[in-house]
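Colleague: I have a new model open and could use a quick tour. Can we go through it together?

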Amino acid sequence: MSGRAWERVRPADSEMTGEMTGTDLGKLTEDWKGIESIVPHGAGIVGRICRALFKKADLEIPFVIDRDENKHGTAWMGAPVIPFEQAKAQIGGRKIVVMAGHDAYGKISSFLDGQGLVEFKDYCNVGQFMSEWFWDAKRMNCVFHVDMTITTRCTLRCRHCNLFIPYHKENADFAFDDLKESIDLFFDRIDFVAYFGLIGGETFLHPELGKYITYLGENYGDKIGRITVVTNGTVRPSETLLKAIKKYDMYLSISDYTDVVPYKDKMDFLIDMVKEYDIDYARNDHIVWTDFGFPERPYERTPEELEYHLASCRPNWNALHGGRFYYCNVSWCAQQSGRYKLQPQDYIDLGEVDPADREACREIVRLSRGTSSFCKICGGCGKDNTDYVKTAEQIA
Ligand code: SF4
Ligand code: SF4
């Protein structure tokens, strides 16, 4: 499906540029405007994160659909959680908002299609809903997922790291004062973000991680659904750090590569600590990786393959860095590696956007649902990429 470039000649780093195409805003049908009632689908983690936003929506929620039997009989924002079979007769033309991550959305979407429902007319994912409906109804500029890389230093050297960390010409911690400015610029212009990720490299290597956590928690907690700190579990966090993560109700996303790299003792210690501090966490093992190609084997695609690729890979992992907002954090990392040059359309200089001009701020939301010139040569994480690779294989 995707044109892999194993056998092709890799262009010089300076030649690796492309062009950006449009945004996926404007997909909801006209009749989403003016709705007074919705049916959320999914009372899990994404639903929990989005509760703060839905409180601002003033929409009637008669019930919530979830396939998980364990959730049936419980409530989400006061509404009963019921299976689709029970809900079907009661939906009554209401729009369904699917509160699920990238992968789960694909499966739910196929199911709803099979029920004769039509995406963007009868249902949509919560990212689309946030970006479009909240603007139309509330004049709120909302973004689904923003990552901020606080360090490109890492304890591991994963050959297929999708942030290309082992291939960066220089690795560095980013100073709190610099990134604080980006955070302020962003939240002066954006009303709500469902996910805000502090990521690396290995975040626990950054001596100022505690400052980032405190600053976000103190100043922007009400504008963020959930702040996540991502770690590979190789570095022991201090008790002060763990207390701060707990205090601001942050989520620890732990990538577990102990099947491949021998650091089980450290991982077990971290898990014991997060349990002791009662921190909400996920231990992500057996993560499936695909080859992103860059920088050694950038993909080449025909126009048809590129079109399919752009439609397939829509993780909407936006990035915030250096006073700029980028469509994809992967593309920011490619540029940061010193081996790819992004195009001006791939980012927005936040300082150039008047925060009082809501229409101007809307450009940030448009880019959040856009694409990047880097997509052209990036393997990505869509269903078109079936180039599976060994997770966390290390470079000697
Ligand atoms: S641990 Fe994560 S950031 Fe570090 S090299 Fe591996 S994939 Fe990249
Ligand atoms: S193809 Fe790569 S750069 Fe484009 S959205 Fe997917 S991960 Fe991001």
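Colleague: Start with His286. Is that residue buried or exposed?

Modeller: His286 counts as exposed, because 7 other C-beta atoms lie within 10 Å and the exposed class takes 12 or fewer. Keep in mind that this is a predicted model.

Colleague: Where does His286 sit in the chain?

Modeller: In the loop between β11 (280–284) and β12. Its phi is near 50°, which is a positive value in a residue other than glycine.

Colleague: What about phi of Asp58?

Modeller: Asp58 also has a positive phi without being a glycine, with a value near 55°. Asp58 belongs to the loop between α1 (45–54) and β2 (64–65).

Colleague: And is Asp58 buried or exposed?

Modeller: Exposed, since Asp58 has 9 C-beta neighbours inside 10 Å.

Colleague: Changing topic. What is the strand order in the open sheet?

Modeller: The order is β11-β10-β9-β8-β7-β13-β14-β15, so eight strands with mixed pairing.

Colleague: Which strands stand at the edges?

Modeller: β11 and β15 (347–349) do; each has a single partner strand, so one side of each has no neighbour in the sheet. On average, neighbouring strands of this sheet are turned by 25° against each other, ignoring direction.

Colleague: How many bridges join β7 to β13?

Modeller: Two bridges, and the strands run parallel. β7 covers residues 142–149 and β13 covers residues 318–321. For one residue in β7, Val146, the bridge partner in β13 is Asn318.

Colleague: Next, the ligand. Which residues surround ligand 1?

Modeller: Cys154, Leu156, Arg157, Cys158, Cys161, Leu163, Ile165, Pro166, Gly200, Gly201, Glu202 and Asn232.

Colleague: How does that shell divide by residue type?

Modeller: Into seven nonpolar, three polar and two charged residues.

Colleague: Gly200 and Gly201 are both in that shell. What is the peptide bond between them, cis or trans?

Modeller: The bond from Gly200 to Gly201 is cis, with omega near 15°. Gly201 lies in the loop between β8 (192–199) and α6 (209–220), and β8 is one of the strands in the open sheet we went through.

Colleague: One more bond, then. What about the one from Phe294 to Pro295, cis or trans?

Modeller: Cis, with omega near -5°. Pro295 is in the loop between β12 (289–290) and α9 (303–312). That same β12 comes after the loop that holds His286, where we started.

Key. Residues are numbered from 1 along each chain as its sequence is written. Chains are lettered from A and ligands numbered from 1 in the order in which they are written. This is a predicted model: local features need pLDDT of at least 70, side-chain atom pairs count only at pLDDT 80 or more; totals for chains, interfaces and linings use all residues. A residue is near a molecule or strand if its C-beta atom, placed from the backbone, lies within 6 Å of it. Ala, Val, Leu, Ile, Met, Phe, Trp, Tyr, Cys and Pro count as nonpolar, Asp, Glu, Lys and Arg as charged, and the others, Gly among them, as polar. Helices (H or I, at least four residues) and strands (E, at least two) are DSSP runs, numbered from the N terminus. A residue is buried if 20 or more other C-beta atoms lie within 10 Å of its own, exposed if 12 or fewer, and partly exposed in between; C-beta atoms are placed from the backbone. Two strands pair if DSSP finds at least two bridges between them. Axes are lines fitted to C-alpha atoms, for helices over the stretch in contact, and angles run from 0 to 180 degrees between N-to-C directions.
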